[in-house]
Amino acid sequence: MRTTIQDLAAMKRRGERIPMLTAYDYTTARLVEAAGVRLILVGDSGGQWMLGHPTTVQVTLDEMVLLTRSVVRGTSEALVVGDLPFMSYGTPEQALTSAARLMQEGGCQAVKLEGGRAVAETVRRLTDFGAPVMGHLGYTPQSVNVLGNARAQGKAAGTARRLLDDALALEAAGAFAVVLELVPTDLAHAISTRLHVPTIGIGAGPGCDGQVQVLHDMLGLLEDFIPRHAQRFGNLAEATKTAVSDYIAAVREGTFPTTAHAGKIAPDELAAALADRP
Ligand code: KIV
């Protein structure tokens, strides 16, 4: 059975930390779930790391539906949250249409969107119509052209207060969890203790109820990119390149494939097939 938003609320009540990871395709979603993750985000960051878009602004709803559907097919126990992409939730009506596509065609059980009080009414409408919503505050990558490149948010009293009020507004509107991205540790902790729903941090310190990381960052798949908030728990870029160069060498040297990698034909069948084809 899949994890539910009620399970997540219970984890917060029990003080149990919530590990969340992104996944963007069937194969890695299977691995992430098999390793024990029960909350998966099909982030629009997948548009960057799977499709090569420069930022999340270029990611479309069609692309998110495709990525989400493949993750859902690869999982049976995780709660899958699909990211509503840039400008797909500008009005509550548009958000309902977009969430319907992501949940019906993509198959996810919840959606995520960026913003605070400006999207509270949208969060309320989505929740009322049966779409659970995860909020996303702090550095919001879809606003890269407004905010500039990734940097901490809420470092001054005024902006910190606005972040807290935004978080409270999202909770009041029905959000079941709130991502806090690049928020100072003590502020993220203060927000986490004031909300009843779980906070999920990324670059927001250990005081959040859960943590989310981009899979490609923590697996070390992006050789030239290690954001400050990430830690490499593996080095799959290196492992992949080593495996590929071993393959190239084996093909060149003739040590792969061997006869064990292909089927056999009986000698008399082959002789008969070649009889009049010298
Ligand atoms: O798209 C994404 O990966 C995200 C996380 C950074 C939270 O939104």
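In this predicted model, the shell of residues around the ligand splits evenly by class, with four nonpolar, four polar and four charged. The residues in question are Thr22, Leu41, Gly43, Asp44, Ser45, Asp83, Lys112, His136, Glu181, Ile202, Val212 and Val214. Some of them reach the ligand's oxygen atoms through their side chains. For serine 45, a polar side-chain atom comes to 2.5 Å from a ligand oxygen. Aspartate 44 has a side-chain N or O atom 3.0 Å from an oxygen of the ligand, and for aspartate 83 the corresponding distance is 3.2 Å. On its own the ligand would expose 260 Å², and the protein buries 95% of that.

As for where all this happens, the ligand sits in the largest pocket. That pocket comes out at a volume of about 880 Å³. It is lined by 38 residues, and the ones closest to its centre are Tyr139, Ala150, Glu181, Leu182 and His229. Glu181 thus turns up both there and among the residues around the ligand. By class, the lining is made up of 18 nonpolar, 13 polar and seven charged residues. Helix α3 (46–49) and the strands β6 (177–181) and β8 (210–213) each put at least two residues into this lining.

Next comes the second largest pocket, with about 590 Å³ of space. Its lining counts 29 residues, of which Glu114, Gly115, Gly116, Thr140 and Ser143 are the closest to the centre. Two or more lining residues come from each of β5 (133–138), α7 (144–147) and α8 (157–173). Here the lining breaks down into eleven nonpolar, 14 polar and four charged residues.

Away from the pockets as a topic, a couple of backbone details deserve a mention. Most peptide bonds are trans, and most residues other than glycine have a negative phi. Against that background, the bond from phenylalanine 256 to proline 257 is cis, with omega near -5°. Proline 257 belongs to the loop that runs between α11 (236–253) and α12 (267–274). The other case is methionine 87, which is not a glycine yet has a positive phi, near 60°. Methionine 87 is also a loop residue, placed between β3 (79–83) and α5 (92–104).

Terms used: Residues numbered from 1 in each chain as written. Predicted model: local features only at pLDDT ≥ 70, side-chain atom pairs only at ≥ 80, totals over all residues. Heavy atoms only, no water. 1 Å grid on protein atoms, 1.4 Å probe; cavity = no way out; pocket = protein on both sides within 12 Å on 5 of 7 lines; lining within 4 Å. Points joined across faces, edges and corners; volume = space filled by probe spheres on them. Helix = DSSP H or I, 4+ residues; strand = E, 2+ residues; numbered from the N terminus. Nonpolar A, V, L, I, M, F, W, Y, C, P; charged D, E, K, R; others polar. Near = heavy atom within 4 Å. Polar contact = N/O pair within 3.5 Å; in protein donor to acceptor, adjacent residues only side chain to side chain. Areas by Shrake-Rupley, 256 points an atom, 1.4 Å probe, with all protein chains shown as cover. Sits in = over half its atoms within 2 Å of the grid points.
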